[in-house]
Amino acid sequence: MPENPIVMEVENDPVIWADAATRQAMFERNWAWLESNAAEVYSHRGKFICIAGQELFVGDSVDDVLHAAMTAHPGDQGRFTRYIPAQNIPRIYAH
């Protein structure tokens with residue numbers, strides 16, 4: 001079996017850190033929007049959602065929602081997608 005070594009490096013480039021901080025701030029704004037609009041977002045059962053630019057995009061595939069979100073908000077690097085399960089049932093997450 002081939003080895004897959006894990007390589008960890010320390011990043012000290014301030015440009016990379018600034019870019020990462022910008023993306024994180026965008027993500028946090030989108031996440032805050034999700035939290036304040038959760039009832040609307042989770043009403044789209046059986047659909048994929050993407051939040052970008054503090055706006056909700058809903059579709060039948062992840063490609064659909066990503067395309068719509070990236071077209072509407074091309075500069076938002078803090079977008080995220082999620083599938084809303086068709087049924088609201090308890091789930092167990094473990095690894």
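Two strands count as paired when DSSP finds at least two bridges between them. With that in mind, open the model, which is a predicted one, and begin the tour at its sheet.

**The sheet**

Select strands β1, β2 and β3, and you will find an open sheet of three strands in the order β2-β1-β3, with antiparallel pairing. Because β2 and β3 stand at the edges and each has a single partner strand, one side of each is left without a neighbour in the sheet. If you look along the sheet, neighbouring strands are turned against each other by 25 degrees on average, when direction is ignored. Now add helix α3, residues 62-72, which packs on the sheet and touches β1, β2 and β3, while its direction makes about 20 degrees with that of β1.

**The hairpin**

Next, keep only β1 and β2 in view, where β2 covers residues 55-59 and five bridges join the two antiparallel strands. Pick cysteine 50 and look across to β2, where its bridge partner is phenylalanine 57. Then move to the turn, since β1 and β2 form a hairpin with two residues between them, and glycine 53 in that turn has a positive phi of about 60 degrees.

**The nonpolar cores**

Select Trp33, Leu34, Val41, Ile49, Ile51, Leu56, Phe80 and Ile84, the eight residues that make up the largest nonpolar core. Colouring by element of secondary structure will help here, as α1 (14-36), β1 (47-52) and β3 (80-84) each supply at least two residues of this core. A second, separate core has five residues, among them Cys50, Ala52, Val65 and Ala69.

Back in the largest core, centre the view on valine 41: which residues does it touch, once those up to four places away in sequence are not counted? They are Trp33, Leu34, Ile49, Ile51, Leu56 and Ile84.

**A buried asparagine**

Now go to asparagine 30, which lies in helix α1. Is this asparagine buried or exposed? Its relative accessible area is 0%, so asparagine 30 is buried. Leaving aside neighbours within four places in sequence, show the residues in contact with asparagine 30, and you will see Ile51, Ala52, Gly53, Gln54, Asp76, Gly78, Arg79 and Phe80.

**The aromatic rings**

For the last stop, turn to the aromatic side chains, which form four pairs in the structure. A pair of aromatic rings is described by the distance of the centres and the angle of the planes. Select phenylalanine 27 and tryptophan 31 to see a stacked pair, with 6.0 Å from centre to centre and 20 degrees between the planes. The two are four residues apart in helix α1, and therefore they are separated by about one helical turn. Phenylalanine 27 counts as partly exposed at 29% relative accessibility, and tryptophan 31 is partly exposed as well, with a relative accessible area of 35%.

Then add phenylalanine 80, whose ring centre is 5.3 Å from that of tryptophan 31, with the planes at 45 degrees, so this pair is tilted. Because tryptophan 31 lies in helix α1 and phenylalanine 80 in strand β3, the pair ties together parts that are 49 residues apart in sequence. Phenylalanine 80 is buried, with a relative accessible area of 12%. Finally, display Phe27, Trp31 and Phe80 together, as they form one aromatic cluster.

Technical notes. Residues are numbered from 1 along each chain as its sequence is written. This is a predicted model: local features need pLDDT of at least 70, side-chain atom pairs count only at pLDDT 80 or more; totals for chains, interfaces and linings use all residues. Side-chain values use heavy atoms; hydrogens and water are left out. A nonpolar core is a set of buried Ala, Val, Leu, Ile, Met, Phe, Trp, Tyr and Cys residues joined through side-chain atoms within 4.5 Å. Buried means under 20% relative accessible area, exposed over 50%, partly exposed in between (1.4 Å probe, protein chains only). Contact means heavy atoms within 4.5 Å. Axes are lines fitted to C-alpha atoms, for helices over the stretch in contact, and angles run from 0 to 180 degrees between N-to-C directions. Rings of Phe, Tyr and Trp (its six-membered ring) pair if their centres lie within 6.5 Å; planes under 30 degrees apart count as stacked, over 60 as edge-to-face and the rest as tilted.
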